[in-house]
Amino acid sequence: MDQPLYKKIFESSPLGVHLSFCTTPGGYHPFHWHEEMEMLYPLNGEADITVGHQTYRLPKKNVTVIEPYKIHSTYAHDDSSMSLRIRVSKEHLQNYVPNIDAYRIHCIPDDITEEQFSEYYKICDLLAELTRLYMYDAVSFRLEAEGLILQTVARLLRYFSVQSAPDVSATDPLTVERIHMVIRYVEEHYQESVSLQDAAAYLGISREYFCRMFKKNMGKSFLQYVNEVRLSQIYSELQSTSLPISEIMEKNGFTNQKLFNQSFKKMYGCTPSSIRKSKFVLDK
């Protein structure tokens, strides 16, 4: 998949930092995960972020943090909204905090306590300053940016983390690994005819067990998820290519025109042709 659209500022550094500005065609990025800790900071508009079964509102110029390997999806209410996205490797941070894997960071606007407000806004100010530095195109941008990111991580650890053993009530590690595997599998094969049986066989479990496990942990059926991945890619290609809609549809795994049209309208509230028409208007 080649969406969301990232303007990558730097992909890696000695500190294990990935920094980018991002817009998501159609506003929706289906469930996915990262090996690094991720910070999301919308620059305009509002977004929703779903982590597990919980959905949170993320207002503009507010930051939220997603721990490594946490499965999540994002939905921007305006598909032209842009977000600052920072991913930081905890492995690299061990150079500064050797036992950092024992810390769990919880920083979501909906859950900020009254005592945390002042520190939360200091963190938001650091990310606002990072954005301003990029706009000024300063020669020292990368050096200053990594310094601001380190300050942000330090404040998150100090004011928004707890040191604890892994949550024994959480989903068991084997199930988490299976969900990660199937997400990766779909990202690699969504353009093909992907069935429940294919996914179950890939994990080496029965079709019935796979259905129950996926629905319980993702809150939707496997086929619904596959179609969401396909639709998000199709939306991107409607905006970025001039290929016929039917060709884009078939290229990305849909073989039933009626199902495609219904699914697209349900997900985006409009027809594929209206996206194509708006593209031509913007191009003129």
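Helix 4, covering residues 173–189, is a good place to start: its 17 residues reach 24 Å from the first C-alpha to the last, close to the 24 Å expected at 1.5 Å a residue. Keep in mind that this is a predicted model. Besides its helices, the structure holds 10 salt bridges, and a few of them get a closer look below.

**Helix 4 and what covers it**

- The buried residues of helix 4 are Thr175, Arg178, Ile179, His180, Val182, Ile183, Tyr185 and Val186.
- Among the parts that cover these buried residues are strand 3 (28–32), helix 5, helix 6 and helix 7.
- Here's a handy rule for reading a list like that: an α-helix has 3.6 residues a turn, so residues three or four places apart point the same way.

**Helix 3**

- Helix 3 takes in residues 141–159, and its 19 residues should span 27 Å at 1.5 Å a residue.
- The end C-alpha atoms of helix 3 are indeed 27 Å apart, which agrees with that figure.
- On the buried side of the ledger, helix 3 has Phe141, Ala145, Glu146, Leu148, Ile149, Thr152, Val153, Leu156 and Leu157.

**Where helix 5 meets helix 6**

- The axes of helix 5 (residues 196–203) and helix 6 (residues 207–218) come within 9 Å and cross at roughly 95°.
- An angle from 65 to 115 degrees counts as roughly perpendicular, so that is how helix 5 and helix 6 sit relative to each other.
- Helix 5 brings Leu196, Gln197, Ala199, Ala200 and Leu203 to the contact, while helix 6 brings Arg207, Phe210, Cys211 and Met213.
- Sorted by class, the contact of helix 5 with helix 6 has 7 nonpolar, 1 polar and 1 charged residues.

**Salt bridges worth a look**

- As background, side chains of opposite charge can pair when their charged atoms come close.
- Arg57 and Glu46 form a salt bridge, with their closest N and O atoms 3.0 Å apart.
- Arg57 lies in strand 6 (residues 54–58) and Glu46 in the loop between strand 4 (37–42) and strand 5 (47–51), so this pair ties together parts that are 11 residues apart in sequence.
- Arg57 is partly exposed, at a relative accessible area of 36%, and Glu46 also counts as partly exposed, at 36% relative accessibility.
- Glu67 and Lys90 meet through their side chains in another salt bridge, at 3.0 Å from N to O.
- That pair links distant parts of the chain, 23 residues apart: Glu67 is in the loop between strand 7 (64–66) and strand 8 (72–76), and Lys90 is in helix 1 (residues 90–93).
- Both Glu67 and Lys90 are buried.
- Lys251 and Glu237 make a salt bridge too, at 3.1 Å from N to O.
- Lys251 belongs to helix 8 (residues 245–251) and Glu237 to helix 7 (residues 222–240), so to speak two distant parts of the chain linked across 14 residues.
- Lys251 counts as partly exposed at 38% relative accessibility, whereas Glu237 is buried at 4%.
- Salt bridges that share partners also join Glu46, Asp48 and Arg57 into one network.

**Ser263 in helix 9**

- Ser263 has its place in helix 9 (residues 257–268).
- At 16% relative accessibility, Ser263 counts as buried, because the cut-off for buried is under 20%.
- Leaving aside residues up to four places away in sequence, Ser263 touches Leu231 and Phe254.

How values were computed. Residues are numbered from 1 along each chain as its sequence is written. This is a predicted model: local features need pLDDT of at least 70, side-chain atom pairs count only at pLDDT 80 or more; totals for chains, interfaces and linings use all residues. Side-chain values use heavy atoms; hydrogens and water are left out. A salt bridge is a side-chain nitrogen of Lys or Arg within 4 Å of a carboxyl oxygen of Asp or Glu. Helices (H or I, at least four residues) and strands (E, at least two) are DSSP runs, numbered from the N terminus. Buried means under 20% relative accessible area, exposed over 50%, partly exposed in between (1.4 Å probe, protein chains only). The expected span of a helix is 1.5 Å times one less than its number of residues. Axes are lines fitted to C-alpha atoms, for helices over the stretch in contact, and angles run from 0 to 180 degrees between N-to-C directions. Angles under 35 degrees count as roughly parallel, over 145 as roughly antiparallel, 65 to 115 as roughly perpendicular and the rest as oblique. Contact means heavy atoms within 4.5 Å. Ala, Val, Leu, Ile, Met, Phe, Trp, Tyr, Cys and Pro count as nonpolar, Asp, Glu, Lys and Arg as charged, and the others, Gly among them, as polar.
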